[in-house]
Amino acid sequence: MKYKLIVSDFDGTLCRSDNTVSEYSRKVIDEYFERGGIFTLSSGRNTVSLRSRLVHAGLEKRNIPILGLQGSVIEDNLTKRVLETTTLEKENVLWFAGECERLGLYYHVYTPTEIYSSVPNEYSDYYTRMTGVDMKFVGNVKEFIEGNDLDFVKLFAVAEKGRNVTLARELKTAAPSGVELFTSGPFFFECISSLAGKGNGLKKVAKLLNVDISETMAFGDEMNDASALKAAGLGVAMSNARKGLEAYADTVAQANDEDGVAKIIEKYCF
């Protein structure tokens, strides 16, 4: 088999717009495993939220590493043992928090297992509904970061559609060393360690599984998937992907609602 490891984004990629994974896609993934391949998920969600989505893809009983928080945390699915964690330097966490405060933006911060926000609001309510993970409310988030010696791995901010793209670009230019910024949705942009990211996560998983990076395939639909598409032996952008992602891909799949992931697996792996 040319591609022994497949790492796929979930939302907007494997998952359809009705929040399901088709039976057809599940069967193709099962057959890929039967042929000796390994299929897993990579997401901006934390691993608690991501693990709840494995059922939809029929992966909940698979012995696979899963990648959460933009590749910052890699866990063994069955044992929940943490295999890799990539944290942000505290001064970089404070830099991004300070920029969000200066710009008047809603933001929250992650450790590998928790999410910390200021106070309950429409953004925190939406995110909890979307991910199924509750937040801890700490008042002033920047002061909380300053006063706690925790392993912070990601920050998530919300801005108007289009402005998030502009801000991510501007802040990336001004960012200190060790920081990576990108958009992850129509209103979102995020900050992680430059040593993390889905591309680095893919490389780490490939090494853990003794798979050459040329034998990997990656799927995605947002700009946070760009590093994975670039790193993989075959990078695949969905046809419903954010404009510009195709520049990082080797090929384009049909849309998530048309089982694009499964059809590419059939084309290149069966």
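Q: Which residue lies over the face of Phe270, and at what distance from the ring centre?
A: This is a predicted model, and the position is computed from it. A charge counts as over a ring when CZ of Arg is within 6 Å of the ring centre and within 35 degrees of the ring normal. The residue over the face of Phe270 is Arg35, at 4.4 Å.

Q: Which lysine lies over the face of Tyr110?
A: Tyr110 is part of one aromatic cluster, together with Tyr126, Tyr127, Phe156 and Phe188. The residue over the face of Tyr110, at 4.4 Å from the ring centre, is Lys154.

Q: Are the residues of strand β9 buried or exposed?
A: Take the two faces in turn. One side carries Lys154, Phe156 and Val158, and the other carries Leu155 and Ala157. Both faces are covered. Of the five residues in β9 (154–158), five are buried.

Q: Which residue of β11 stands opposite Val158?
A: Strand β9 has antiparallel pairing with β6 (residues 106–110) over five bridges. There, Tyr107 stands opposite Ala157. Five bridges also join β9 to the antiparallel β11 (residues 188–193). In β11, the residue opposite Val158 is Phe188.

Q: What kind of aromatic pair do Phe144 and Phe152 form?
A: Phe144 is buried, because its relative accessibility of 14% is under 20%. Phe152 also counts as buried, at 2%. Across the whole structure, a search finds ten aromatic pairs. In the pair of Phe144 and Phe152, the centres are 6.5 Å apart and the planes make 75°, so the pair is edge-to-face.

Q: Which strands stand at the edges of the open five-stranded sheet, and why is one side of each left without a neighbour?
A: The strand order is β2-β1-β12-β13-β14, with parallel pairing. Each edge strand has a single partner, so one side has no neighbour in the sheet. The edge strands are β2 (38–41) and β14 (251–253).

Q: By how many degrees are neighbouring strands of this sheet turned against each other on average?
A: One parallel pair in the sheet is β13 (residues 234–238) with β14, over three bridges. In that pair, Ala237 stands opposite Val252. With direction ignored, the average turn between neighbouring strands of the sheet is 25°.

Q: Which helix packs on this sheet, touching β1, β2, β12, β13 and β14?
A: The helix spans residues 260–269. Its direction makes about 160° with that of β12. The helix is α10.

Q: Which element gives the largest share of the largest nonpolar core?
A: This core has 29 residues, and Leu14, Phe39, Leu59, Met217, Phe219 and Ile265 have the most contacts inside it. Elements giving two or more residues include α1 (10–14), α2 (23–34) and α3 (47–57). The largest share, five residues, comes from α10.

Q: How many residues does the other core have, the one with Trp95 among them?
A: This core lies apart from the largest one. Its members include Leu88, Phe96 and Ala157. The count is 26 residues.

Q: Is Asn77 buried or exposed?
A: Asn77 is found in the loop between β4 (73–76) and β5 (82–85). Among the residues Asn77 touches are Arg51, Leu54, Glu60 and Ile66. Its relative accessible area is 4%, so Asn77 is buried.

Methods: Residues are numbered from 1 along each chain as its sequence is written. This is a predicted model: local features need pLDDT of at least 70, side-chain atom pairs count only at pLDDT 80 or more; totals for chains, interfaces and linings use all residues. Side-chain values use heavy atoms; hydrogens and water are left out. Two strands pair if DSSP finds at least two bridges between them. Helices (H or I, at least four residues) and strands (E, at least two) are DSSP runs, numbered from the N terminus. Axes are lines fitted to C-alpha atoms, for helices over the stretch in contact, and angles run from 0 to 180 degrees between N-to-C directions. Contact means heavy atoms within 4.5 Å. Rings of Phe, Tyr and Trp (its six-membered ring) pair if their centres lie within 6.5 Å; planes under 30 degrees apart count as stacked, over 60 as edge-to-face and the rest as tilted. Buried means under 20% relative accessible area, exposed over 50%, partly exposed in between (1.4 Å probe, protein chains only). A nonpolar core is a set of buried Ala, Val, Leu, Ile, Met, Phe, Trp, Tyr and Cys residues joined through side-chain atoms within 4.5 Å. Lists of a residue's contacts leave out its neighbours within four places in sequence.
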